[in-house]
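Student: I've got a protein model to look at and I'm not sure where to start. Could we go through it together, one question at a time?

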Amino acid sequence: SRRIALEGGFRFSKPELAYRLSGDAENAADATAAETLSRYVVTGSLVLHLRRVDTNRLVPFVAGGGGYIRDLHELNELVETGREYHALAGVKYWLGAGRQRFGIRVQGGLSVSDGGFDFSEGSRTIPMAAAGLVYLF
């Protein structure tokens, strides 16, 4: 509708993890072990536009949603899954007129993840900021 939208997202990353091994009881040399994860995150959001999209160039919005995390360790021998929840606020600035137009989107918010690969138990809260191009169908 002109005020409410559903959005979907997909993120993929390949972070490298390094472990420093030291203090061996048998005085072995210090070593560093590394592996690369493949992280997939699929998300969905409900977006509330605070002004009508079809009549305003600058449209502030708030959004919230959640997603699924899937981490694959190197060689895909170990899989870890989790959940992600997020809350966002931002603005869309529309560049064209009419039904089909391009715009710029700037947003910030918080992401809370629980599960997946992490060095600690429990949830982790991460601040987010992003800018991008959008297209209205």
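**Pockets, a patch and salt bridges**

Student: How do the residues lining the largest pocket divide into nonpolar, polar and charged?

Tutor: Keep in mind that this is a predicted model. The largest pocket is lined by 23 residues, and about 460 Å³ of space lies in it. That lining divides into nine nonpolar, six polar and eight charged residues.

Student: Okay, and which residues lie nearest the centre of the largest pocket?

Tutor: Strands β1, β6, β7 and β8 each supply at least two residues of the lining, so those are good places to start looking. Now go to the middle of the pocket. The ones nearest its centre are S1, V53, W94, L136 and F137.

Student: Which strand gives the most to the lining of the largest pocket?

Tutor: The strands with at least two lining residues each are β1 (4-13), β6 (79-94), β7 (101-115) and β8 (123-136). One of them contributes four residues, and that's the top contribution: β1.

Student: What about the second largest pocket: which residues are closest to its centre?

Tutor: About 270 Å³ of space lies in the second largest pocket. It has 14 lining residues, and the closest to the centre are G9, R11, T43, L88 and Q107.

Student: Which element provides the largest share of the lining of the second largest pocket?

Tutor: Four elements give two or more residues here: β1, β4 (38-49), β6 and β7. By type, the lining has three nonpolar, seven polar and four charged residues. The largest share is five residues, and it comes from β1.

Student: Moving to the surface, how much accessible area does the nonpolar patch have together?

Tutor: Find L58, V91, Y93, L95, F102, I104, V106, L133, Y135 and F137 on your structure, as they form the patch. Strands β6, β7 and β8 give two or more residues to the patch, with β7 giving the most, three residues. Taken together, the patch has an accessible area of about 990 Å².

Student: L58 is in that patch. Is L58 buried, exposed or partly exposed?

Tutor: L58 sits in strand β5, which covers residues 58-72. Its relative accessible area is 39%. Buried means under 20% and exposed means over 50%, so a value in between gets the middle label. That makes L58 partly exposed.

Student: Which value does phi take at N27?

Tutor: Look in the loop between β2 (16-21) and β3 (31-36), where N27 is placed. N27 counts as exposed, at 71% relative accessibility. Its phi is positive, in a residue other than glycine, and the value is near 60°.

Student: Now the charged pairs. How far apart in the chain are E7 and R105?

Tutor: There are five salt bridges in the structure. One of them joins the side chains of E7 and R105, at 2.7 Å from N to O. E7 is in strand β1 and R105 is in strand β7, so we're talking about distant parts of the chain, with a separation of 98 residues.

Student: Of E7 and R105, which is buried and which is partly exposed?

Tutor: The cut-off for buried is under 20% relative accessible area. E7 has 26%, so it is partly exposed. With 11%, the buried one is R105.

Student: Which residues are linked with E7 in a network of salt bridges?

Tutor: You already know one partner, as E7 meets R105 in a salt bridge. The network also includes a lysine, so E7 is linked with K92 and R105.

Student: Why does the R20 and D30 pair tie together parts that are apart in sequence?

Tutor: Their side chains meet in a salt bridge, 3.3 Å from N to O. R20 lies in strand β2, while D30 lies in the loop between β2 and β3. R20 is exposed at 60%, and D30 is partly exposed at 45%. Because of where the two sit, the pair ties together parts whose separation in sequence is ten residues.

Student: Last one: is D71 buried or exposed?

Tutor: D71 forms a salt bridge with R39, with the closest N and O atoms 2.7 Å apart. D71 is in strand β5 and R39 in strand β4, 32 residues apart. R39 is partly exposed at 23%. D71 has 0% relative accessibility, so it counts as buried.

Terms used: Residues numbered from 1 in each chain as written. Predicted model: local features only at pLDDT ≥ 70, side-chain atom pairs only at ≥ 80, totals over all residues. Heavy atoms only, no water. 1 Å grid on protein atoms, 1.4 Å probe; cavity = no way out; pocket = protein on both sides within 12 Å on 5 of 7 lines; lining within 4 Å. Points joined across faces, edges and corners; volume = space filled by probe spheres on them. Nonpolar A, V, L, I, M, F, W, Y, C, P; charged D, E, K, R; others polar. Patch = residues over 30% accessible without salt bridge, like charges linked within 9 Å, V, L, I, M, F, W, Y side chains within 5 Å. Areas by Shrake-Rupley, 256 points an atom, 1.4 Å probe, with all protein chains shown as cover. Salt bridge = Lys/Arg side-chain N within 4 Å of Asp/Glu carboxyl O. Buried < 20%, exposed > 50% of the residue type's maximum accessible area, 1.4 Å probe, protein only.
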